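The following exercises concern a ligand site and a group of paired strands. Please work through each task before reading its solution.

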Amino acid sequence: MKYIVANFKMNPGKQEDIEAWLGEFQRSWSVKEAVKSRVRVVLCPPFVWLPSLQQAARSSKQRAFLLGAQDVFWERNGPYTGEISSVMLREVGCEYAIVGHSERRALGETDEIVNKKIKAAFQAGLKVILAVGEVNRADESGTVEREVGQALEKQIFGALAGIPRTKLGNLLVAYEPLWAVGSGIADTPEDALKAALFIRKCVAKITGARARAHDIPVLYGGSVTSKNAASFLQEEALNGVLVGNASLNPREFFKIVEMGFRF
Ligand code: PGA
């Protein structure tokens, strides 16, 4: 199973544009109905477009895609102006939530906050796509490589602190090095693979069971396009891609989805 996740970020700005995206995507999808079960497509639009996509997901016989949120708040309801709870997200058809995206961490989100969000999301029955990644690219001296390990370890242990092992079946991890997100420079599949193995080792330390950690899907994200997606998707230990900028063009995104069918 390969996951192809679209993170639209704060796009598009208009209802007609999200409808046009959807129309284009669904026209492409019907061609591939026969093989769709090998690929799980998750669309993560801004909150306001979730109801439109929910309606489309419901009316589509092929159940072409699942819905995800780009963030979630940790309380169920109450005096939290501007926030959206996991219970609300379930109401509008979300099955997934991205938590800990680097663009949210850049706005002040800490590992403690990420941890609270994951707990709330699991409680409401959402699957969590936990985004982790280092700031600087590893160099040959190995100095930064050590930092990569430290950053991932800190983020994973912080994010999963106190979460019962039994819940981890609802966890996916997206390895998204910051230097690759939105930069047009993707990581190499080899390094993404190393990071995926390291991430599973960290999770194994928490679960105490290698086998269970091995089952956790790890995705790569950061400047994925239709040109480089296959190199990540062909790796057995990488379970998919998280696509930002390239997902805004439905044809480009569908090309990536099609690549998922191949592996
Ligand atoms: P990008 O974004 O594909 O535009 O680099 C990835 C992400 O932010 O999830």
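The model is predicted: local features need pLDDT of at least 70, side-chain atom pairs count only at pLDDT 80 or more, and totals for chains, interfaces and linings use all residues. Residues are numbered from 1 along each chain as its sequence is written, and side-chain values use heavy atoms, without hydrogens and water.

**Exercise 1.** Describe the surroundings of the ligand and its polar contacts.

*Solution.*
Step 1. The ligand is surrounded by 13 residues, the closest being Lys9, His101, Glu176, Gly182 and Ser223; a residue counts as near if one of its heavy atoms lies within 4 Å.
Step 2. By class, this shell holds 4 nonpolar, 7 polar and 2 charged residues, with Gly counted as polar and Asp, Glu, Lys and Arg as charged.
Step 3. Polar contacts are pairs of N or O atoms within 3.5 Å. A polar side-chain atom of His101 is 2.6 Å from a ligand oxygen atom. A polar backbone atom of Gly182 lies 2.6 Å from an oxygen atom of the ligand, and a backbone N or O atom of Asn245 is 2.9 Å from a ligand oxygen atom.
Step 4. Of the 280 Å² of accessible area that the ligand has on its own, the protein covers 97% (Shrake-Rupley method, 1.4 Å probe).

**Exercise 2.** Trace the pairing of strand β2.

*Solution.*
Step 1. Strands are DSSP runs (E, at least two residues) numbered from the N terminus, and two strands pair if DSSP finds at least two bridges between them.
Step 2. β2 (residues 39-44) pairs in the parallel sense with β1 (residues 2-7) over 6 bridges. Leu43 of β2 is the bridge partner of Ala6.
Step 3. β2 also pairs in the parallel sense with β3 (residues 66-69), over 2 bridges; here Leu67 is the bridge partner of Leu43.
Step 4. In β2, 5 of the 6 residues are buried, meaning under 20% relative accessible area (1.4 Å probe, protein chains only).

Notes. Polar contact = N/O pair within 3.5 Å; in protein donor to acceptor, adjacent residues only side chain to side chain. Buried < 20%, exposed > 50% of the residue type's maximum accessible area, 1.4 Å probe, protein only. Helix = DSSP H or I, 4+ residues; strand = E, 2+ residues; numbered from the N terminus.
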